[in-house]
Amino acid sequence: MIPEEGGPGQPGRSRVVLYTTLAVAAVIAVLVAVLAASSPAGHGPGSSPLVGRAAPPVAGPSLSGGAQYSLAQFRGKWVLINFSASWCVPCRQETPQLVQFANEHAGPVDAVILAVSFDPTDKANLAAFLRSSHATWPAVDDPGAEVAYGIGGIPESYLVDPQGTVVAKFTGGVTAAELDGTIKKAASA
């Protein structure tokens, strides 16, 4: 047994350890309660200072080689700028929805997707994943876009209207129905 230190009126060492442990446990309990009560992050429309402003430029070489793509060349169309990586599970899960969205808009070509590689070491893998998923949209390497859009995690997407204005930000996976609903709402505003 460790003898208690301190004189009269001073807590002993075991009391200090006990009180410190209780304080740490209380702080952890409060953090757990706050996190449990907060809305789940990582899915659905998000807020961004870019909404309502001109979309920052996105441009770069295609991940599959050859061509250069830029957001500017899609002016006059709705554009979903989608930041992703092949190792990102939610990115993989949203890809069938993006393929559906792209296929639904391929006839009138009124909306396109422009993928941006989030991870510079993943470019070849992302290109291969998109190809194997039947994703026909361009995917580019533009490290500056991640900074310009303030990407905090992936998947993260921005919907840009035909005039080049950001109308929505999506944090986490997005569905074809969410995209179509957002376009319909923004077009009627």
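Trainee: Which residues are in contact with Val-174, leaving aside its neighbours within four places in sequence?

Mentor: In this predicted model, Val-174 is in contact with Leu-80, Glu-94, Gln-97, Leu-98 and Leu-179. A contact requires heavy atoms within 4.5 Å. Val-174 itself lies in the loop between strand 8 and helix 5. The C-alpha atoms of Val-174 and Leu-98 are separated by 7.8 Å, and the two residues are 76 residues apart along the chain.

Trainee: Why is Val-174 called buried?

Mentor: Its relative accessibility is 1%. The term applies under 20%, so Val-174 counts as buried.

Trainee: What is the fraction of buried residues in the protein?

Mentor: Of its 189 residues, 40% count as buried. Among the contacts with a separation of 6 or more, residues 24 or more positions apart account for 73%. The secondary structure comes to five helices and eight strands, which run α-β-β-β-β-α-β-α-β-α-β-β-α from the N terminus on.

Trainee: How do you know that the buried residues of helix 5 are on the same side?

Mentor: The residues in question are Ala-176, Leu-179 and Ile-183. They cover an arc of only 65° around the axis, and therefore share the same side of helix 5. On the other side, Ala-177, Lys-184, Lys-185 and Ser-188 are exposed. The cover over the buried residues of helix 5 includes strand 4, helix 2, strand 5, strand 7 and strand 8.

Trainee: What makes the span of helix 5 close to the expected one?

Mentor: Helix 5, residues 176-188, has 13 residues and reaches 18 Å from its first C-alpha to its last. At 1.5 Å a residue, 18 Å is expected, and the span is close to that value.

Trainee: Why can one say that the buried residues of helix 3 line one face?

Mentor: Helix 3, residues 123-132, has Leu-126, Ala-127, Phe-129 and Leu-130 as its buried residues. Seen down the helix axis, they fall within an arc of 165°, so they line one face of helix 3. On the other side, Ala-124, Arg-131 and Ser-132 are exposed. What covers the buried residues of helix 3 includes strand 4 (78-84), helix 2 (89-104), strand 5 (111-117) and strand 6 (139-140).

Trainee: Why is the pair of Lys-123 and Asp-141 called a salt bridge?

Mentor: The side chains of Lys-123 and Asp-141 meet at 3.1 Å, N to O. The cut-off is 4 Å, so this pair is a salt bridge. Lys-123 lies in helix 3 and Asp-141 in the loop between strand 6 and helix 4, so the pair ties together parts that are 18 residues apart in sequence.

Trainee: Are Lys-123 and Asp-141 each buried or partly exposed, and how do you know?

Mentor: Lys-123 has a relative accessible area of 29% and is partly exposed. Asp-141 has 19% and is buried. The limit for buried is under 20%, so Asp-141 meets it.

Trainee: How do you know that Glu-156 forms a salt bridge with Lys-169?

Mentor: The closest N and O atoms of Glu-156 and Lys-169 are 3.9 Å apart. That value is within 4 Å, so the pair qualifies. Glu-156 is in strand 7 and Lys-169 in strand 8, 13 residues apart, and the pair links distant parts of the chain. Both Glu-156 and Lys-169 are buried. A search of the whole structure finds two salt bridges.

Trainee: What makes the link of Cys-88 and Cys-91 a disulfide?

Mentor: The S to S distance from Cys-88 to Cys-91 is 2.5 Å. The rule asks for cysteine sulfur atoms within 2.5 Å, so the pair is accepted as a disulfide. By this rule the count comes to one disulfide. The link has 80° about the S-S bond and is right-handed. Both Cys-88 and Cys-91 are buried.

Trainee: Is His-134 called buried or exposed, and why?

Mentor: His-134 has 62% relative accessibility and counts as exposed, because that value is over 50%. His-134 is found in the loop between helix 3 and strand 6. Its phi is positive, about 65°, although His-134 is not a glycine.

Trainee: Why is Val-109 called partly exposed?

Mentor: Val-109 has 37% relative accessibility. Partly exposed covers the range between the 20% and 50% limits, so Val-109 belongs there. Val-109 is in the loop between helix 2 and strand 5, and has a positive phi of about 45° without being a glycine.

Definitions and conventions. Residues are numbered from 1 along each chain as its sequence is written. This is a predicted model: local features need pLDDT of at least 70, side-chain atom pairs count only at pLDDT 80 or more; totals for chains, interfaces and linings use all residues. Side-chain values use heavy atoms; hydrogens and water are left out. Buried means under 20% relative accessible area, exposed over 50%, partly exposed in between (1.4 Å probe, protein chains only). Helices (H or I, at least four residues) and strands (E, at least two) are DSSP runs, numbered from the N terminus. The arc is that of the directions from the helix axis to the C-beta atoms. The expected span of a helix is 1.5 Å times one less than its number of residues.
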